[in-house]
Every structure is written in structure tokens, then in C-alpha cells.
Amino acid sequence: MAFRGLHPDAPAFFHELEAHNTKEWWAANHDRYVEHVRRPFEELAAELEPEFGDVKIFRPNRDVRFSKDKSPYKTHVGMVSLAPVAHYLQLSAGGLLLGGGVYDVPPAGLARFREIVDDPRLSRELDEVLAQMDAANLTPMTADAVRTAPRGYPIDHARIDLLRLRRLAVGSEEELADWMWSPDALDIISDTWRSVSIWCTWVAENLGDLIIHPDSARGR
């Protein structure tokens, strides 16, 4: 079926799941998950794939093997384009996250990125790309950033915020809004992903093989 919008019950589903994250609650609400969460994402993925390539929807089960939190299910649903430099979308009770880039960056790729940031000549194109991201309401993802300064760089470096990054990804967090539950969501999401593509292209062209490894497109 054609994409008609995300389902307005999906945030409520995740809000309730946060309070009742058990296999019993999930079993009782499984059909609701399929119809109100999974199916709209499948329809959206089918619409996005001709332009952005194959899209993977993440499974709802959490990997709890190495986590203190043993709750069995994720409290969001996410999809990612299957490329080393990926586009990402996530819906939760709190809203919609749109973004993309490289989430897990190998050390060599991160070192090269910092060299570019530190070089006024090499960073000119990066500055232009970041300006385009800002115009599209996309900002670098700072979760897991270095707290002080990476080794070899002064804490008072003029571009310390970029040097601290560990994830070479940009994103935009959207509060829940009526457009998400309508066919208009496809155009808005596609337009944002096109802006994300500018970032992905820069990363791929400047870091290339340094960022391509099996976990490069891993989502959350």
C-alpha cells in the first residue's frame, strides 16, 4: 500500500511500552505494533528506497546480553539506508529524529576528520557543508563527544566543538506534529534526507575507505 503517513497511535504505543516493557504486554499489543508502528514504516521505506537505496527497519528486540537494563524491547522504531554513510529515521514517544552520517567512526577516520577541521584550507568545504546543514536545521550529533579535547589539540582550540566529535553524523529532532500522520510526511522526510545526503557525500568523499567497516551503518 502507498504511504499515508505515520500512525498517530505509534507515540502512545511507545509511551505505554516505556511503562510496561514486558513480554506479556508486548504479546497483548503485538498486532497493534504491526499495524500502527511497523506497517507505516514499511510503506515509508518502500517510498524512500528508489531515491536513497535499500532501507532496513530495525527489529524491536533489544540486545540485552551486555546491558544492565534487561527490558526486552526498544522504546522507538528506526530505519536506516543500507550504506556505509547512512540516512536514519527514528520515531518514539517524544518525537521524530531525522539524520545520517557515520555513527561508529573508526579511529583512522576520526583522526583524518580532525586533521581537516584543524586545517583552515582543508576545512573551507566543510564549513560550507555545515552552513547548509544549519539552514536545514541539522546539527552535528554530540552524544558521546570527547569531554575536554582530543589528544594533540588544545582545549581552547577555535573549533573545539568539532574536534570533540566521535560520531560524524548530523540530525534534527522534531516534536510530534500533525504532518507526521499525513502523506505530507513523505515530502518532509525526503527533503530532510536530501539535505543529509550533502553531509554524507562530503564524509564519503573526504574520508572514503577510512570510514567503511562492518559497523559503519549501524543504527540505535
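# Contacts, strands and helices in a predicted model

Me: Which residues does Trp-179 touch, not counting residues up to four places away in sequence?

Reply: In this model, which is predicted, Trp-179 touches Leu-96, Glu-174, Asp-184, Ala-185, Ile-188 and Ile-189 once residues up to four places away in sequence are set aside. These count as contacts because heavy atoms lie within 4.5 Å. Trp-179 itself sits in the loop that runs between strand 6 and helix 7, and its C-alpha atom is separated by 28 Å from that of Val-102, although the two residues are 77 residues apart along the chain.

Me: What makes strand 2 count as enclosed by the rest of the structure?

Reply: Six of the six residues of strand 2 (residues 76-81) are buried, so the strand is largely enclosed by the rest of the structure. The word buried is used here because each of them falls under 20% relative accessible area. His-76, Gly-78 and Val-80 point one way from the strand, while Val-77, Met-79 and Ser-81 point the other way, and all are buried.

Me: Why are strand 1 and strand 2 called a pair?

Reply: Two strands are said to pair if there are at least two bridges between them, and strand 1 (residues 55-57) is joined to strand 2 by three bridges, so the condition is met. The two strands run antiparallel, and one of the bridges sets Ile-57 against Met-79 in strand 2.

Me: How do you know that strand 2 also pairs with strand 3?

Reply: Strand 2 and strand 3 (residues 86-92) share five bridges in the antiparallel sense, and because at least two are needed, they too count as paired. Val-77 stands opposite Leu-91 in strand 3, and a hairpin of four residues links strand 2 to strand 3.

Me: What makes strand 1 and strand 5 the edge strands?

Reply: The six strands form an open sheet in the order 1-2-3-4-6-5, with antiparallel pairing. Strand 1 and strand 5 each pair on one side only, and that is what an edge strand is here. Strand 5 (residues 139-140) pairs with strand 6 in the antiparallel sense over two bridges, where Thr-139 has Gly-171 as its bridge partner.

Me: Why is strand 6 called largely enclosed, and which strand is joined to it by seven bridges?

Reply: Five of the seven residues of strand 6 (residues 168-174) are buried, so the strand is largely enclosed by the rest of the structure. Strand 4 (residues 95-102) is joined to strand 6 by seven bridges and runs antiparallel to it, with Leu-97 and Glu-173 among the bridge partners.

Me: How do you know that the reach of helix 7 is close to what is expected?

Reply: Helix 7 (residues 184-207) has 24 residues, and its first and last C-alpha atoms are 35 Å apart, which is close to the 34 Å expected at 1.5 Å a residue. Gly-208, with a positive phi near 45 degrees, follows the helix. Helix 7 also lies across strand 2, strand 3, strand 4 and strand 6, at about 20 degrees to strand 4.

Me: What describes the way helix 3 passes helix 7?

Reply: Two packed helices are described by the angle between their axes and the distance between the axes. For helix 3 (residues 30-52) and helix 7, the axes come within 11 Å and cross at roughly 35 degrees, and the crossing is right-handed. The residues of this contact divide into six nonpolar, two polar and three charged. Leu-44 and Phe-52 are among those that helix 3 contributes, while helix 7 brings residues including Trp-193 and Arg-194.

Me: Why is Asn-137 called partly exposed, and what stands out about its phi?

Reply: Asn-137 has a relative accessible area of 47%, and partly exposed is the right term because this value is neither under 20% nor over 50%. Its phi is positive, about 65 degrees, although Asn-137 is not a glycine, and the residue lies in the loop between helix 5 and strand 5.

Me: What makes Asp-144 partly exposed as well?

Reply: The relative accessible area of Asp-144 is 44%, so it too falls between the limits of 20% and 50%. Asp-144 has a positive phi of about 75 degrees without being a glycine, and it is found in the loop between strand 5 and helix 6.

Terms used. Residues are numbered from 1 along each chain as its sequence is written. This is a predicted model: local features need pLDDT of at least 70, side-chain atom pairs count only at pLDDT 80 or more; totals for chains, interfaces and linings use all residues. Side-chain values use heavy atoms; hydrogens and water are left out. Buried means under 20% relative accessible area, exposed over 50%, partly exposed in between (1.4 Å probe, protein chains only). The expected span of a helix is 1.5 Å times one less than its number of residues. Axes are lines fitted to C-alpha atoms, for helices over the stretch in contact, and angles run from 0 to 180 degrees between N-to-C directions. A crossing is left-handed if the near helix is turned anticlockwise from the far one by less than a right angle, and right-handed if clockwise. Ala, Val, Leu, Ile, Met, Phe, Trp, Tyr, Cys and Pro count as nonpolar, Asp, Glu, Lys and Arg as charged, and the others, Gly among them, as polar.
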